[in-house]
Amino acid sequence: MTQPQLKSLLLDTRLPRLEVRMALEHVLGKPRAWLLAHDTDALTPEVAAAYETLVQRRIAGEPMAYLLGQREFMGHVFRVTPDVLIPRPDTEVLVETALECVAGVAGPAVLDLGTGSGAIAISIALARRDARVMASDVSAAALAVAAGNAWDLTASVRFVEGSWFDAVPAGEGFDLIVSNPPYVASDDPHLDQGDLRFEPRGALTDGAGGLEDLGRIIQGAGRHLRPGASLWMEHGWDQAQAVRDLLTAAGFEDVHSRQDLAGIERITGGRWPTGR
């Protein structure tokens, strides 16, 4: 049987051109420049079969990040598996805001609740090498992915297992708490569409109306925030006002929201009073 040339696969129209190139780079372990310089090379049956497997999985809707096992976030490459959510560019505003909050704090203590792949906690730790970063998750499988990412990226993060503040030692205080918790309502039809079909359901929805976990974090944060410290959380496109109301009712000050890349209010936070 004639072995296919790389050129024939580069012209594959079953996927967008960028995805074709990404799949070929992955199975060959070569960069784009190499692909272009070797487009007349014959591919081994093993490589052709591996590429075809990726194509069929992608046609079935599986996210490219899971096919390739990685996704870039804040300029770093994170390993991802179906045990964790795929880091998204919109979440970078949460990291940027977090770094602003602790810009004037020496050796800040930071807590990331529901860390998943560790993208948020690790990005903060890499940007602030003096920070003491703790990251929690209820999923042992997710923590294994996060710990692997911290090791690969040489980030100093302490990982703890448990549900929200249950994982945090009593009396431990922080200068900042951040979280990207499950906030999709359990009856949202988007959960069965697109990439969300393949991501861990428990990391997407709280099993209720979408505000349950956000509310739990807000109610529990005061026990672990130092006076004047901040809490910032990512939420759904239509939840900003509800989250602001929850923060205000819990006693937070300077409550406000910030927009994501699409101009949608994506994160909301507030400052714990200095008199508490």
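**Exercise 1: the residues of α7**

Find which residues of helix α7 are buried in this predicted model, and work out how enclosed the helix is.

*Solution.* Start by walking along the helix. The buried residues in α7 are A119, I120, A121, I122, S123, I124, A125 and L126. Now set that against the length of the helix: 8 of its 9 residues are buried, so α7 is largely enclosed by the rest of the structure.

**Exercise 2: the loop before α7**

Place S117 in the fold, then decide whether S117 is buried or exposed and what it touches.

*Solution.* Step one is the location. S117 sits in the loop that runs between β3 (109-113) and α7 (119-127). Step two is the accessibility: the relative accessible area of S117 is 4%, and the cut-off for buried is under 20%, so S117 counts as buried. Step three is the neighbours. Leaving out residues up to four places away in sequence, S117 touches F78, R79, V80, V84, L85, P87, I122, V145, A146 and N149. I122 in that list is also one of the buried residues of α7.

**Exercise 3: a tryptophan out on α8**

Say where W151 is found and whether W151 is buried or exposed, then give its C-alpha separation from I122.

*Solution.* First, look in helix α8 (residues 140-152), where W151 is found. Next, check the accessibility of W151: the value is 72%, and exposed means over 50%, so W151 counts as exposed. Finally, compare chain and space. W151 and I122 are 29 residues apart along the chain, and their C-alpha atoms are separated by 9.9 Å.

**Exercise 4: the record and the largest pocket**

Describe the largest pocket, then find which of the UniProt "binding site" residues line it.

*Solution.* Begin with the space itself: the largest pocket holds about 1100 Å³. Its lining has 46 residues, and those closest to the centre are L85, P181, Y183, A203 and L204. Three elements give two or more residues to this lining, namely α7, β4 (132-137) and α9 (201-204). The largest share comes from α9, with 3 residues. By class, the lining splits into 20 nonpolar, 17 polar and 9 charged residues.

Now turn to the record. An unreviewed UniProt entry puts the feature "binding site" at G114, T115, G116, S117, G118, D137, W164 and N180. Check these against the pocket, and you find G114, T115, G116, S117, G118, D137, W164 and N180 in the lining.

**Exercise 5: two residues from that set**

Take D137 and W164 in turn, and give the element or loop each lies in and whether each is buried or exposed.

*Solution.* D137 lies in strand β4. Its relative accessible area is 10%, so D137 is buried. Not counting residues up to four places away in sequence, D137 touches G114, T115, G116, A142, L143, V160, E161 and G162. G114, T115 and G116 are also in the UniProt "binding site" set.

W164 lies in the loop between β5 (157-161) and β6 (174-179). With a relative accessible area of 14%, W164 is buried too. There's a backbone twist to note here: W164 has a positive phi of about 50°, although it isn't a glycine.

**Exercise 6: more positive phi angles**

Describe the settings of D254 and M74, each of which has a positive phi.

*Solution.* D254 isn't a glycine either, and its phi is about 50°. You'll find D254 in strand β8 (residues 253-259). At 49% relative accessibility, D254 counts as partly exposed.

For M74, go to the hairpin of β1 and β2. There are 2 residues between the strands, and M74 takes a positive phi near 55°. The two strands, β1 (residues 70-73) and β2 (residues 76-79), pair in the antiparallel sense over 4 bridges. One such pairing joins Q70 to R79 in β2.

**Exercise 7: the second largest pocket**

Work out how much space the second largest pocket has and which helix gives the most to its lining.

*Solution.* The volume is about 280 Å³. Among the lining residues are L10, D12, R17, R21, R32 and L36. Both α2 (17-28) and α3 (32-37) give two or more residues, and α2 gives the most, with 4. Sorted by class, the lining has 6 nonpolar, 1 polar and 4 charged residues.

Conventions. Residues numbered from 1 in each chain as written. Predicted model: local features only at pLDDT ≥ 70, side-chain atom pairs only at ≥ 80, totals over all residues. Heavy atoms only, no water. Buried < 20%, exposed > 50% of the residue type's maximum accessible area, 1.4 Å probe, protein only. Contact = heavy atoms within 4.5 Å. 1 Å grid on protein atoms, 1.4 Å probe; cavity = no way out; pocket = protein on both sides within 12 Å on 5 of 7 lines; lining within 4 Å. Points joined across faces, edges and corners; volume = space filled by probe spheres on them. Nonpolar A, V, L, I, M, F, W, Y, C, P; charged D, E, K, R; others polar. Pairing = 2+ DSSP bridges. UniProt positions renumbered as here; feature names shortened; annotations may be inferred.
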